[in-house]
Every structure is written in C-alpha cells, then in structure tokens.
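Visitor: Please take a close look at one part of this model and explain how that part is packed, setting it against the chain as a whole.

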Amino acid sequence: MSDTASDPIADLLQIAGAALAEGDVASARDAFGTAVAKSPSDPRAHGGLALIAVHTGDAEGAVAHGRTAAGLPGAGPEIHYNLGFALAGIGERDEAVAAFLHAFRADPSRPESIYQLLRLGVVPHAEGEEPGDPMSLETLLRLDLYEALGEPLHAG
C-alpha cells in the first residue's frame, strides 16, 4: 500500500488501473468514484471517470468528467488529451483543438496530441512561435514515405 498521508487516493487509483488492465470496467468505475468522493479536487480521479466514459461509449459523460478534471489544478496532459478526444467525438472541433493544444503545450514530446491536431488541420506550435501552414496528414505521411524510401536508395 502507498503512503496515504501524502496521497489519499493513490491506492484507489492503483486499484482502478489494475481493474482497467484486466478489463473490469465496473470495478475501475467504482474505484474512481470512491476516489472522487474522497478527494473531489483531484483531477486524476475525475480523469479516470472520463476515461471510463470514453471506454463505455458515454460521450456526454466523458466530456462532463473531462471538463471537470481539466478545470482542476494539477490536471496533466493526459487529461486534456482525453478531453480533446471526447470533444472531437461529439463534433466540438474548436474545443477539441483547444484541449489538444493544452496537452501539446504541457508536454510537446508526446505524439498523441500532435497527431490529433494535425488530423484536425492544425499545426501545433509552442507559445510565442509563429503558427505554420496547415498541411494534410496524408501529405505528411507521403513525405515521410518518400524520406524512408529515399534514404536507402541514396545509400545503395
């Protein structure tokens, strides 16, 4: 067991994660729900409920829990990414872009938010940088293919 004095819901999050890994969505939902009741200002617990809603096809629940989680201090890039994914799923493109941008700026090394932004026609950029021209994902993939084919041809 973890030190509950420093993190009162760590054990519940661990239980929820293990349940999800085993495909036991109901147990994961219960653990995340208990974590929210114990620590309502912890974004991880609300983010967990948003993730459960995504997995069960509850788009409205995913957005509601995701917005709650994203609005709390300490919400990490995963929470903003999942919110963007849920928003894109219900057709809220502009809000999805904002959530994906938040996730990107929180951790620009993670490819998930970059992929989603490109898919939505937005070239991600750091604050203070000039935005680039939008380029279709198909064009980027084709350029990547050309580069992958060109290197061996040049070398051989």
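Guide: The accessible areas used here come from the Shrake-Rupley method with a 1.4 Å probe, and for residues only the protein chains shown count as cover. On that basis the chain, which is a predicted model, exposes about 9,100 Å², with carbon and sulfur atoms supplying 57% of that area. Of its 156 residues, 37% count as buried, the cut-off for that word being under 20% relative accessible area. The chain holds eight helices and zero strands, so that, by the DSSP runs that define these elements, its pattern along the sequence reads α-α-α-α-α-α-α-α. Of the contacts between residues at least 6 apart in sequence, 35% join residues at least 24 apart.

The part I would single out is helix H6, which covers residues 93–106, together with its partner helix H7, residues 111–119. Their axes lie 9 Å apart and make an angle of about 150°, and the crossing in which H6 passes H7 is left-handed. From H6, the residues that take part in the contact are Val97, Phe100, Leu101, Ala103 and Phe104, and they meet Ser113, Ile114, Gln116 and Leu117 of H7. Sorted by character, the residues of this contact comprise seven that are nonpolar and two that are polar, while none is charged. As background to reading such a list, an α-helix has 3.6 residues a turn, so residues three or four places apart point the same way.

H6 also carries alanine 99, which is not among the residues just listed for the contact with H7. Is alanine 99 buried or exposed? Alanine 99 counts as buried because its relative accessible area is 5%, below the 20% limit. Leaving aside residues up to four places away in sequence, its contacts are with His80, Leu83 and Gly84. Its C-alpha atom lies 9.0 Å from that of proline 77, although 22 residues separate the two along the chain.

Helix H5, residues 77–89, can be followed through alanine 88, which belongs to it. Alanine 88 counts as partly exposed because its relative accessible area is 25%, and, with residues up to four places away in sequence not counted, it touches Ala96 and Arg119. In space it is 9.8 Å from valine 63, C-alpha to C-alpha, with their positions 25 residues apart in sequence.

For comparison, one can turn to the beginning of the chain, where helix H1 covers residues 10–21. The twelve residues of H1 should span 16 Å at 1.5 Å a residue, and the end C-alpha atoms are 16 Å apart, so expectation and model agree. The buried residues of H1 are Ala10, Asp11, Leu12, Leu13, Ala16 and Ala19, and these pack against helix H2 (25–38) and helix H3 (43–55). After H1 comes glycine 23, with a positive phi near 80°. In H2, alanine 37 counts as exposed because its relative accessibility is 64%, over the 50% that the word requires. Its C-alpha atom is separated by 9.9 Å from that of isoleucine 9, which stands 28 residues away along the chain.

Note on methods:
Residues are numbered from 1 along each chain as its sequence is written. This is a predicted model: local features need pLDDT of at least 70, side-chain atom pairs count only at pLDDT 80 or more; totals for chains, interfaces and linings use all residues. Side-chain values use heavy atoms; hydrogens and water are left out. Helices (H or I, at least four residues) and strands (E, at least two) are DSSP runs, numbered from the N terminus. Buried means under 20% relative accessible area, exposed over 50%, partly exposed in between (1.4 Å probe, protein chains only). Contact means heavy atoms within 4.5 Å. Axes are lines fitted to C-alpha atoms, for helices over the stretch in contact, and angles run from 0 to 180 degrees between N-to-C directions. A crossing is left-handed if the near helix is turned anticlockwise from the far one by less than a right angle, and right-handed if clockwise. Ala, Val, Leu, Ile, Met, Phe, Trp, Tyr, Cys and Pro count as nonpolar, Asp, Glu, Lys and Arg as charged, and the others, Gly among them, as polar. The expected span of a helix is 1.5 Å times one less than its number of residues.
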